[in-house]
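Please take a moment to look over the sequence and the model before reading on. The paragraphs below go through the surroundings of the ligand and then turn to a loop.

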Amino acid sequence: MGDIAEKGASFYSNAEDYWKDIPPTVDGMLGGYGNISNMDIRGSKAFLQKFLGEGEGKTGAGCALDCGAGIGRITKRLLLPLFNTVDLVDVTQEFLDKAKTYLGDEGQRVGKYFCTGLQEFVPEFGRYDVIWIQWVIGHLTDGHLVEFLRRCQSALRPNGLIVIKDNVSYEGVVPDEVDSSVCRDLDIVRTLVAQAGLQVVLEEQEMNFPKELFQVHTLALR
Ligand SMILES: C[S@@+](CC[C@H](N)C(=O)[O-])C[C@H]1O[C@@H](n2cnc3c(N)ncnc32)[C@H](O)[C@@H]1O
């Protein structure tokens, strides 16, 4: 996939228009597959817990960032139970507004809500133990994804971790004209990660999602 010069600014504005029309619900976040949310969160928790805990090299439990957070589905069930503070960033203001009630009392531990595209977002230097990026990388051009991952690396605390969890295609780049996104194959994602100067330290596939969906892979990066 080319950069924004090839794709045109409408790649981003079309996606923004698409998400503005989506209801601020778990089902809306998951394209009508709200029923996989529990399984998704269970898998993510098991993945993340391999890095957390006490001792040498373990990732801290201070602050996490939920990227493309939507209404905070992941913040509520995965990140707030594991981290003292969670920040959310998403391009759709209506979703972040909904998060303020959806997260309930525990939402008091949200640090900051950022309403901006990840292609422009600069996470604070050295603030985060974990930066979670789920079901949103397809909304960034290759160049913007690489640059965003580089900025994320600068935003990590010692032993911090970036996690990408997303759909992957069997081969090549599969465009989705409806939500203005792309789905990349795993080799392409790995190449972009390497271009950002990051290494994949763990990679897993979600095995139990419905067969008609793309494969979903989780990659831990440092
Ligand atoms: C498929 S939903 C996933 C939401 C959440 N990650 C989850 O798994 O529940 C995609 C989210 O990405 C957001 N989004 C789309 N393009 C974005 C961009 N360029 N920067 C930040 N967020 C974006 C949408 O507003 C939406 O909340």
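Which atom of the ligand lies 2.6 Å from a polar side-chain atom of Thr 92? In this predicted model, the partner of that Thr 92 side-chain atom is an oxygen atom of the ligand. Two other pairs involve nitrogen: a polar side-chain atom of Gln 119 lies 3.0 Å from a nitrogen atom of the ligand, and a polar backbone atom of Gln 134 is 2.9 Å from a nitrogen atom of the ligand. The ligand, taken alone, would expose 600 Å², and the protein buries 96% of that area.

With these contacts in mind, we can look at the whole shell. There are 19 residues around the ligand, and those that come nearest are Gly 68, Arg 73, Asp 90, Thr 92 and Gln 134. Sorted by class, the shell consists of 9 nonpolar, 8 polar and 2 charged residues. The space that the ligand takes up is the largest pocket.

We now turn to the loop. Asp 179 is found between β6, which covers residues 174-176, and β7, which covers residues 181-183. Is Asp 179 buried or exposed? Its relative accessible area is 12%, and because buried means under 20%, Asp 179 counts as buried. The side chain of Asp 179 also makes a polar contact, at 2.7 Å, with the side chain of Ser 181.

Key: Residues numbered from 1 in each chain as written. Predicted model: local features only at pLDDT ≥ 70, side-chain atom pairs only at ≥ 80, totals over all residues. Heavy atoms only, no water. Near = heavy atom within 4 Å. Polar contact = N/O pair within 3.5 Å; in protein donor to acceptor, adjacent residues only side chain to side chain. Areas by Shrake-Rupley, 256 points an atom, 1.4 Å probe, with all protein chains shown as cover. 1 Å grid on protein atoms, 1.4 Å probe; cavity = no way out; pocket = protein on both sides within 12 Å on 5 of 7 lines; lining within 4 Å. Sits in = over half its atoms within 2 Å of the grid points. Nonpolar A, V, L, I, M, F, W, Y, C, P; charged D, E, K, R; others polar. Helix = DSSP H or I, 4+ residues; strand = E, 2+ residues; numbered from the N terminus. Buried < 20%, exposed > 50% of the residue type's maximum accessible area, 1.4 Å probe, protein only.
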